[in-house]
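Please examine the structure shown below with its sequence beside it. The paragraphs that follow lead from one helix outward to its surroundings, and then to other parts of the chain.

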Amino acid sequence: LTFPPWVVEESFHEYTRWKSGRWLRSSTRGSGPCKLSSYGLDAYLDTSPFACAAACASIGLPIAFLRGDRVDVKRSAGRILELQEEAVVLGTYQGRLFYRLVSQKSEGGSLMEGGGRSWFWDESEAVDGGLQLIGEGLGKSVKLPKLNRFNPQHNGLKVVYVGGAVVRSDLEIFDGSKSVGTIPSGTVIPRKEVIERRMNSCGVVRYLIEHEPIGRGWISSCIRGGKEEAIVEMMPFENEGNSSLDQHQYISPEDSAREWYSNYEKESQSSRHELERNHFSQFLNIDSIQEFRELLIAGVVGGLSQLNSDSLVAATYGKISDVLPDSSEGDCSFLDCALVIGASHPRERGPLMGMSSSIDAIVHEAANESLSHVIDSLPPTKALMARISMLRAFNRRARFGLPWLPLRSAQESSAILGGLSGYGTSLERAGRTWDVKSQSLWVQAPSISSRLRNCREILFTSTKRSFLDSVMDATTTPTPLSHDEYELPREVRTVRVNRLKAHRAMASDDTGTKKKHSVISQLQREMRGWSGATLRRGFVAKGHGGQKRAFKVKLVGEGVNDYSGPYREVFTDAMHEVTDLDPSGNSSLGVLEPSANNQAGVGEGRDLFVFALPPNESMMINHPEKEQYVLSSEERDLLNSFSSITHKKDENSREIEEAISYLGKLVGTACRHGIPVDLPLPLGVVWKRLTEESIDVADILKEIDILASRTVQDEESFSIRSDNVLASQRRLLNSFVEGMSSVLPVELLSMFTGEQLRGIICGNPEIDVELLRRVVEYEGYNECDMVVIYFWEVLREMTTLERKQFLQFVWARNRLPLKESDFDAPFKIQKDTKTVDKDGDYPLPSASTCFFSLTLPEYPEKEMLKQKLLFAIENVTTMESDYVTNDVEVSEGWRGL
């Protein structure tokens, strides 16, 4: 493949810019709610220390904040915040210091409520400790010289206004600022008592003074409004030559930053490790476009086509950027990425082991897992980095182009144009997707859509997720705000769920009782008649931890306020019920049933479920009709392709299809609102069909029924039986997708692979303790406390089932997101202030599922913590009450079936 010159040039510029580590692309608060609809307001932020120091000097900070520093934010727009916020510094743009809020210091604080997009600080916010660095910071605590406009040249201030100068406690003049006193007219305030000069949000110049006997406070230079009469005047020096003797001239922010940077370099002496990294970085320099072109050609993995090689490289880069710290939206450090890839390379591993040892082992594991099958045919690291740069440039263009490209072209649904439809009915509607055999039987007209699907794996997952999220945001049903910001608006309907009755029903032996009183059945009855627009709401209420919602949940008899915990809980309960089995191993609700591999305990997918079939249809599949043997091969292919249309329906099949369609609505709503669901459906039967990947019938059948694929000797009988099994699953998958399509834009799912789509909807099936540890915050404890160490040891020792129970106990869900950036709120471990009772017994740990927090007593021993925690997570049946319920509600919740 010969690359056009513009592709090579653009990729080379991307390589140079990425390698410099200086620039960071960030969406701003001016970018609009949909990520892909207002790219012109995104900004490339300069993250260099010099630029950050200049921006900090421009707002009068005493020290420099560098990229990655955490800052406590106590002021916004000049006003003192009621709730303290925490921000991370990103970089500078046009001399402004940009940041992103990461949490609020409140019980309902979350990563979403502060707005995940970047914005900048002004000088009215950098006053009186309004911005305070958390910890030492990356600037080595080097003092930043103050600009002359904050520290002007004068010989003191003289009060000239007749009424004197009113001293107030705050830079801003509002009801919250107190009057400290008044300095009489004619008083001269010495220069040493004038600390600094600033301009408030109203444009009034004010001075911070420390004047006896009044004390510390702010005075204005003039009266705002009217004749703008002066209140104070600056006194000139008696000898003008003295004005510059004791004061350096810092006219511009760059003047201050230059002196700061020279002191910063003296403090930042490079260690041996940093020198080695710098040497490796110089080795990765590319001096010309011609050299870059040659590296691009050499960057193909041996034995693979260019498309397959780039797909592998893109997947590897995505996995590395997901787990590397300080990575966002598919972006990560060039040098760290190169070190991880180099450490995986058998011919380059030795010299790089020392430099890459500082990178977390989990990052190396992700790269090794992705490249393990081609480890001996990898091109040089430098060539792979050039190839990744080309993919980054391609994905940047794809982010612009995806909203304008069709993912389902017109000719792909037209039989006249040789598309996928026949007899007036879409084949996707009849069969959901292609298998290997279908591709040879039906003509596929070339189109942009088919090319895009063929190249889906060189699109970064972050690029596709941004597009999907943007479309979901754009199709969200608007919801007006309530008069009380803490209350949900009336458009958000309330759903009543009696979990107490549902738990007793699911424990009974009566199938009818289970289907009537289960949580999912109650939800289905409550939402009967609801349109898809109702479930497409994404309202976020203040104090609800940033959780999007389409409805409010009332848990009958439990006395719980829905601050997002009950909302997530009903999704988790519903998914648990559809996979629940009775003592005989059959499905309790008849919606999903265990696969043959699950029932027999063989094969790899022993935990998988498939869509449940009516008893009469299951019998027909196991005993194929003899009439099918007299059909020709072509007739059987047509019958198989349109089996969903030709299927004879009865009352049982309609009831199952309706239940599966509602399950699709719930899954789509959970995906739209960021709630991973525990839905173990087969990859080939469901997820790959949803993404329209090419699949082999034999592989699909092996995933769900390996014994049948091995033991059936009669090929014709095997073919008919397998066709019947898969046709039934396709038909029920149509019902599942029909429910999803009312909530999610299912047309976009073909951008993803089956594994990627399963990850988006179901999250991580394994509870990753290290991932949970990276998003934890402690209140009352620190990481070195013995009880915290005991807690993480106990959590690692738990089984997968126990970890799921723990996660549901603290967060009302039993699956974690795939990566750190997908968490809406941090996991909080709070110290329990309850005292030990007189018998020396410690209280049980408690949790707030709405706010993802665990209240942990200070247990003296690990075994005690393990015993108490396991007892709590295994025996909790209701959520912790927020209020005392009345007798009527309690009796309704505990009333017999």
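Helix α19 covers residues 565–578, which is 14 residues; at 1.5 Å a residue the expected span is 20 Å, and the distance of 21 Å between its end C-alpha atoms agrees with this. The model in which this helix appears is predicted. Of the 14 residues of α19, 13 are buried, so the helix is largely enclosed by the rest of the structure.

A second helix, α17, can be studied together with α19. Helix α17 runs over residues 519–526 and contains I520. Six of the eight residues of α17 are buried, and the helix is therefore described as mostly covered. The buried ones are V519, I520, S521, Q522, L523 and Q524. What lies over these residues? The cover includes β16 (494–497), α15 (499–506), α16 (511–517), α19 and α24.

The residue I520 shows this covering in detail. Its relative accessibility is 6%, so I520 counts as buried, the limit being under 20%. Setting aside neighbours within four places in sequence, I520 contacts A574, E577, V578, L589, Y662, L663 and L666. One of these partners, E577, stands 57 residues away from I520 along the chain, yet the C-alpha atoms of the two are separated by 7.5 Å.

Contacts between distant parts of the sequence also appear in the figures for the whole chain. Among contacts joining residues at least 6 apart in sequence, 71% link residues at least 24 apart. The protein chain has 897 residues, and 52% of them are buried. Its secondary structure comprises 34 helices and 23 strands.

The next topic is the grouping of nonpolar residues. In soluble globular proteins, nonpolar side chains tend to be buried together. In this model the largest nonpolar core has 75 residues, and F551, L679 and F736 touch the most other members. Helix α24 (residues 651–672) gives the most to this core, with nine residues. Leaving out residues up to four places away in sequence, F736 touches F611, I660, L663, G664, V667, L679 and L681. There is also a second, separate core of 45 residues, which includes L296, V340, I341 and V374.

The strands may now be considered. Strands of a sheet pair through backbone hydrogen bonds, either parallel or antiparallel. Strand β13 (residues 205–211) and strand β14 run antiparallel and are joined by six bridges. The two strands form a hairpin, with three residues between them. Within this pair, Y207 stands opposite I219 in β14. Strand β14 occupies residues 215–220, and because five of its six residues are buried, the strand is largely enclosed by the rest of the structure.

An open sheet of three strands follows the order β11-β8-β15, with antiparallel pairing. Its edge strands, β11 (188–189) and β15 (232–234), each pair on one side only. Strand β8 (residues 157–159) is joined to β11 by two bridges, and L157 stands opposite I189 in β11.

Another open sheet has four strands in the order β20-β21-β23-β22, and its pairing is mixed. Strands β20 (776–779) and β22 (846–848) stand at the edges; each has a single partner strand, so one side of each is left without a neighbour in the sheet. Neighbouring strands here are turned by 20° against each other on average, direction ignored. Strand β21 (residues 827–831) runs parallel to strand β23 (residues 853–856), and four bridges join them. In this pair, K828 stands opposite S853 in β23. Helix α31 (residues 786–797) packs on the sheet and touches β20, β21 and β23, its direction making about 135° with that of β21.

The final topic is the cysteines. A disulfide is a covalent bond between the sulfur atoms of two cysteines. How many disulfides does the structure hold? The number is zero. For C337, the nearest cysteine sulfur is that of C332, at 4.5 Å. A disulfide requires sulfur atoms within 2.5 Å, so C337 is in no disulfide. Which is buried and which is partly exposed, C337 or C455? C337 has a relative accessible area of 0% and is buried, whereas C455, with a relative accessible area of 29%, is partly exposed.

Methods: Residues are numbered from 1 along each chain as its sequence is written. This is a predicted model: local features need pLDDT of at least 70, side-chain atom pairs count only at pLDDT 80 or more; totals for chains, interfaces and linings use all residues. Side-chain values use heavy atoms; hydrogens and water are left out. Buried means under 20% relative accessible area, exposed over 50%, partly exposed in between (1.4 Å probe, protein chains only). The expected span of a helix is 1.5 Å times one less than its number of residues. Contact means heavy atoms within 4.5 Å. Two strands pair if DSSP finds at least two bridges between them. Axes are lines fitted to C-alpha atoms, for helices over the stretch in contact, and angles run from 0 to 180 degrees between N-to-C directions. A nonpolar core is a set of buried Ala, Val, Leu, Ile, Met, Phe, Trp, Tyr and Cys residues joined through side-chain atoms within 4.5 Å.
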